[in-house]
Amino acid sequence: MIEITALVLSLGWLGLVGWYFLTLDDDQGRLIRGNPSGFMIAVLGIFLPVALIWVAASVARTAQTMREESARLQAAIDTIRLSHLDQQAADAATLKRDLGTQIEQVARAQAVLGAEVASLHRPKAPDAILSPPIRPLPQLLLQPALALDTEPEDEALPPDDFIRAMNFPENERDAEGFRVLRSALKHHRTAQLVTAAQDLLTLLAQDGIYMDDLTVHRADAVLWRAFAEGTHGSDVAALGGIRDRSSLALTAGRMKDDAVFRDAVHHFLRTFDRVFADFTKSATDGEIVRFADTRTARAFMLCARVAGTFD
């Protein structure tokens with residue numbers, strides 16, 4: 001349209017000029033043709049407007065091209081921005097879905113583990129039909145009879161089985177882990193530590209604290225043996241190998257506000273002291289180092305730091 005408009009204006013101007021010269025009389029025509037300066041002025045008057053018309057058309061064409069390029073550039077920027085936002089939304093949705101799936105898997109595995117431990121640790125109910133009636137005992141024989149109810153302590157677990165039991169089964173398909181756990185629950189003190197650790201790990205998982213996610217700064221076996229022999233405080237502070245600030249802060253807050261959690265922590269620490277002391281009597285330094293990497297040992301490092309065992 002710009003070129004067509006310029007062409008129409010040019011032709012119109014030239015037509016107007018032609019009509020003007022055709023209407024001139026002979027005297028005026030001779031005056032223009034005989035005077036060089038007048039002739040030059042006439043030529044400029046004819047072609048200069050035509051040139052200005054096409055300059056204006058060129059400027060209009062350039063402005064239109066710039067507007068079109070600007071519009072295309074803005075459309076491209078908008079497309080890129082929308083694509084980036086869609087990609088971010090898709091990535092966030094994928095991450096949320098994967099995180100939810102992992103949390104659900106961990107919770108399901110924890111529930112399976114808790115149910116398995118509870119079923120293994122639960123004593124069987126006596127058979128009411130086959131059990132003979134209990135006869136009342138004379139008062140003088142009551143005290144000696146209590147001594148007969150004490151059963152000798154079973155032999156300690158092999159160190160490898162003890163370490164495997166303290167780490168708990170990896171998942172619901174870990175048949176070897178469950179076998180070792182069943183064997184551990186047959187030993188009184190080991191079963192106490194397994195139950196205390198399982199209860200504590202379940203409570204920690206409610207705050208999103210999982211032992212497998214924690215980074216451990218390992219201590220030497222000498223320090224572990226010193227702790228088993230009764231050394232506490234700053235001398236064995238290196239045993240508190242959990243330095244994750246978020247987990248420490250969450251555990252400290254739970255210790256302060258939740259009486260049930262606080263009791264579970266103290267019960268676990270007391271049981272850990274007794275059972276670990278027995279374990280170190282027959283364990284080698286390498287076995288102690290392996291034990292320090294179990295989930296139970298990590299729970300001890302975390303809770304002992306919060307409880308002030310190494311202060």
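How many Å should the 13 residues of helix H9 (residues 245–257) span, and how far apart are its end C-alpha atoms? At 1.5 Å a residue, helix H9 should span 18 Å, and its end C-alpha atoms are 18 Å apart, which agrees. The legends below describe a predicted model, and H9 is taken up again in one of the close-up views.

**View 1. The protein chain as a whole is built from twelve helices and zero strands.** From the N terminus on, its elements run α-α-α-α-α-α-α-α-α-α-α-α. Of the 311 residues of the protein chain, 30% count as buried. Among the contacts with a separation of 6 or more, 77% are accounted for by residues 24 or more positions apart.

**View 2. Helix H9 lines one face with its buried residues.** The buried residues of H9 are Ser247, Leu248, Thr251, Arg254 and Met255. Seen down the axis of H9, these residues fall within an arc of 135 degrees, so they line one face of the helix. Their packing partners are helix H7 (188–206), H10 and helix H12 (295–307), whereas Arg245, Ala249, Lys256 and Asp257, on the other side of H9, are exposed.

**View 3. The largest nonpolar core holds 56 residues.** Within this core, Trp224, Phe268, Phe272, Phe276, Phe291 and Phe300 touch the most other members. The elements that give two or more residues to the core are H5, H6, H7, helix H8 (221–228), H9, H10, H11 and H12, and the largest share, ten residues, comes from H10. In soluble globular proteins, nonpolar side chains tend to be buried together.

**View 4. Phe272 and Phe276 form a stacked aromatic pair in helix H10 (residues 259–282).** The structure holds 13 aromatic pairs, and in this one the rings lie 5.5 Å centre to centre, with 15 degrees between the planes. Because Phe272 and Phe276 are four residues apart in helix H10, they are separated by about one helical turn. Both Phe272 and Phe276 are buried.

**View 5. Phe276 also pairs with Phe291, and this pair links distant parts of the chain.** The ring centres of Phe276 and Phe291 are 5.3 Å apart and their planes stand at 25 degrees, so this pair too is stacked. Phe276 belongs to helix H10 and Phe291 to helix H11 (residues 285–291), with the two residues 15 residues apart. Phe276 has 1% relative accessibility and therefore counts as buried, and Phe291 is likewise buried, with a relative accessible area of 1%. Not counting residues up to four places away in sequence, Phe276 touches Trp224, Phe227, Ala228, Ile288 and Phe291. One aromatic cluster is formed by Phe162, Trp224, Phe227, Phe268, Phe272, Phe276, Phe279, Phe291, Phe300 and Phe310.

**View 6. Thr280 of helix H10 places a polar side-chain atom 2.9 Å from the backbone oxygen of Ala277.** With a relative accessible area of 9%, Thr280 is buried. Leaving aside its neighbours within four places in sequence, Thr280 is in contact with Arg225, Ala228 and Ile288. Ala228 and Ile288 are also among the residues that Phe276 touches when residues up to four places away in sequence are not counted.

**View 7. Thr294 lies in the loop between H11 and H12.** A polar atom of the Thr294 side chain lies 2.7 Å from the backbone oxygen of Phe291, a residue that also pairs with Phe276. Thr294 is buried, with a relative accessible area of 2%. When its neighbours within four places in sequence are left aside, the residues in contact with Thr294 are Ile163, Met166 and Asn167.

**View 8. Phe168 has a positive phi of about 65 degrees although it is not a glycine.** Phe168 is located in the loop between helix H5 (159–167) and helix H6 (175–184). Its relative accessible area is 2%, and Phe168 is buried.

Methods: Residues numbered from 1 in each chain as written. Predicted model: local features only at pLDDT ≥ 70, side-chain atom pairs only at ≥ 80, totals over all residues. Heavy atoms only, no water. Phe/Tyr/Trp six-rings, centres within 6.5 Å; stacked < 30°, edge-to-face > 60°. Buried < 20%, exposed > 50% of the residue type's maximum accessible area, 1.4 Å probe, protein only. Polar contact = N/O pair within 3.5 Å; in protein donor to acceptor, adjacent residues only side chain to side chain. Contact = heavy atoms within 4.5 Å. Expected span 1.5 Å × (residues − 1). Arc of directions from axis to C-beta. Core = buried A, V, L, I, M, F, W, Y, C linked by side-chain atoms within 4.5 Å.
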